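Please open your viewer, switch to a cartoon display, and keep the selection tool at hand. We will go from place to place, pausing at each to see what is there.

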Amino acid sequence: MAGQPDNEQGLREAAARLAKMIRQADKVVALTGAGVSTESGLPDFRSRQGLWSQRDPREVASIQAFHHEPLTFLRFYSWRIRQLSGAMPNRAHRALAGLEKHGYLHMLITQNVDRLHQAAGSRRVVEMHGNLRELECASCKRMYDSTLLDKEINSLADAPRCECGGLLRPRVVLFGEMLPASALDTAMKESSNCDLMIVAGTALQVGPVNMLPELALDAGAKVAIINRDPTPLDGMAHLVWNGNAGDILSETCRELGLEV
Ligand code: OAD
């Protein structure tokens, strides 16, 4: 059943239904994407104003771009890293952290690289696409804080390098790279073992993460989808809310009697 986002009563009813699904479930897992962070001022990828409407990911976010155009690649990531500096967790992050704190949420699987879930207090987080807060040397693997990539990079003629001479890169998964095996393994196991999956702020366009809700469904779990735009899995979900994640997740916490 799809929700009506601009209807207060519709919001309350959907939140009440989600709260009931949470209460009835033994093991709840959440899967989040960039849409959970838009209310923190960070753009998503595939909305009309999303990052990939302005830049071609093959040119700025692929392993090929890193090898062939490292300066262009690092300028793009420097810009994204600088965006993080003022970003604070929003109601959706706080609600998910509150659900975990009060024993309702077993595990949070995220495609996000901004670490805002952790900043809100989530502890059991599986990062599927790495994180933007750390850099590593592609040769010796030495780690650096990502704020090292400041806006001076725009006036550099060459890509900055590690002391060993290797190229630096953010510790994110690039197009053309495999996901971290342990994160994928954990995410697949948790998806197959939950009885409710809350999917929030993801267009479910990118594999293999977009297969996780289907793993949950195949294992008999209920799936609740919270996303502004429709997703390919809406027709199979037990609850669909086409609105802001912050609205319904905070209202759901209120329904459960949680202050977040
Ligand atoms: P997308 O941009 O593909 O999808 C984000 C979804 O969030 C969109 O469908 C929006 O409608 C929805 N949305 C935006 N704001 C929202 C809000 N406040 N509340 C609810 N929904 C909202 O982002 P992801 O699915 O996260 O990978 O993208 C998956 C991966 O593709 C990313 O991790 C990234 C990207 O390329 C890599 O960089 C490897």
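The tour below visits a helix, then a group of strands, and finally some cysteines.

Keep in mind throughout that this is a predicted model. Begin by selecting helix α5, residues 70–84, whose 15 residues reach 21 Å from the first C-alpha to the last, close to the 21 Å expected at 1.5 Å a residue. Now show its side chains, and look for the buried ones, which include Phe 73, Leu 74, Phe 76, Tyr 77, Arg 80 and Ile 81. If you then display the surroundings, you will find that the buried residues of α5 are covered by, among others, α4 (63–68), β5 (130–137) and β7 (168–172).

Next, select strand β9, residues 222–226, where 4 of the 5 residues are buried. Strand β8 (residues 196–200) runs parallel to β9 and is joined to it by 5 bridges, with Ala 200 standing opposite Ile 226. Following the chain from β8, you pass through helix α9 (residues 212–218) before arriving at β9, and this β-α-β crossover is right-handed. Strand β10 (residues 239–241) also runs parallel to β9, through 3 bridges, and here Ile 226 stands opposite Trp 241.

Finally, select the cysteines Cys 140 and Cys 164: why does a search of the whole structure find 0 disulfides? The closest cysteine sulfur to that of Cys 140 belongs to Cys 162 and lies 3.7 Å away, which is too far for a bond, because a disulfide needs the two sulfur atoms within 2.5 Å. Likewise, the sulfur of Cys 164 is 3.6 Å from its closest cysteine sulfur, in Cys 137, again too far for a bond. Cys 140 is partly exposed, at 41% relative accessibility, and Cys 164 is partly exposed at 45%.

How values were computed: Residues are numbered from 1 along each chain as its sequence is written. This is a predicted model: local features need pLDDT of at least 70, side-chain atom pairs count only at pLDDT 80 or more; totals for chains, interfaces and linings use all residues. Side-chain values use heavy atoms; hydrogens and water are left out. Buried means under 20% relative accessible area, exposed over 50%, partly exposed in between (1.4 Å probe, protein chains only). Helices (H or I, at least four residues) and strands (E, at least two) are DSSP runs, numbered from the N terminus. The expected span of a helix is 1.5 Å times one less than its number of residues. Contact means heavy atoms within 4.5 Å. Two strands pair if DSSP finds at least two bridges between them. A crossover is right-handed if, with the strands pointing away from the viewer, the path from the first strand over the helix to the second runs clockwise.
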